[in-house]
Amino acid sequence: MAQAKKIALYLVIVFVLYTIITSPARAASLVQIGFEGISSAAQGVGEFMTQLIK
């Protein structure tokens, strides 16, 4: 099982590097979308916690 996780991790790393090398603009766009999603989720959690306190 550990061997399969290690292989999967290597495949993900190779895929990410391939995407960055072949299409840097698209890779940057995907990273930006990811960070916007994380930011929105964190903001939503913050608003939820604020409403719980009130």
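**Two threonines and a spread-out chain**

Thr22 sits in helix α1. Everything described here comes from a predicted model, so the numbers are computed ones. How covered up is Thr22, going by its relative accessibility? Thr22 comes out at 47% and counts as partly exposed, because that value falls between the 20% mark for buried and the 50% mark for exposed. The side chain of Thr22 also has a polar atom lying 2.8 Å from the backbone oxygen of Tyr18.

Thr19 belongs to helix α1 too, which runs over residues 2–22. Is Thr19 buried or exposed? Its relative accessible area is just 18%, so Thr19 slips under the 20% cut-off and counts as buried. Which residues does Thr19 touch, once its neighbours within four places in sequence are set aside? Those contacts are Pro24 and Ala27. Closer by in sequence, the side chain of Thr19 reaches the backbone oxygen of Phe15, at 2.9 Å.

Two more residues of helix α1 fill in the picture. Ile21 is part of this helix, and with 68% relative accessibility it counts as exposed, since that is over the 50% mark. Ile21 also helps make a nonpolar surface patch of about 910 Å². Its partners in the patch are Leu9, Tyr10, Val12, Ile13, Phe15, Val16, Leu17 and Ile20. Ala4 is in helix α1 as well; its relative accessible area of 45% makes it partly exposed.

Zooming out, what secondary structure does the chain have? It comes to two helices and zero strands. The radius of gyration is 17 Å, well over the 10 Å that the globule rule gives for 54 residues, so the chain is more spread out than a compact globule. The C-alpha atoms fill a box of roughly 50 × 35 × 5 Å along the principal axes. As for distances within the chain, Ala4 and Lys54 are 50 residues apart in sequence, and their C-alpha atoms are separated by 48 Å.

How much of the chain is buried? Buried residues account for 4% of the 54 residues, and Thr19 is one of the buried residues. The chain exposes about 4900 Å², with carbon and sulfur atoms supplying 73% of that area.

Notes
Residues numbered from 1 in each chain as written. Predicted model: local features only at pLDDT ≥ 70, side-chain atom pairs only at ≥ 80, totals over all residues. Heavy atoms only, no water. Helix = DSSP H or I, 4+ residues; strand = E, 2+ residues; numbered from the N terminus. Buried < 20%, exposed > 50% of the residue type's maximum accessible area, 1.4 Å probe, protein only. Contact = heavy atoms within 4.5 Å. Polar contact = N/O pair within 3.5 Å; in protein donor to acceptor, adjacent residues only side chain to side chain. Rg over C-alpha atoms; globule rule 2.2 N^0.38 Å. Areas by Shrake-Rupley, 256 points an atom, 1.4 Å probe, with all protein chains shown as cover. Patch = residues over 30% accessible without salt bridge, like charges linked within 9 Å, V, L, I, M, F, W, Y side chains within 5 Å. Salt bridge = Lys/Arg side-chain N within 4 Å of Asp/Glu carboxyl O.
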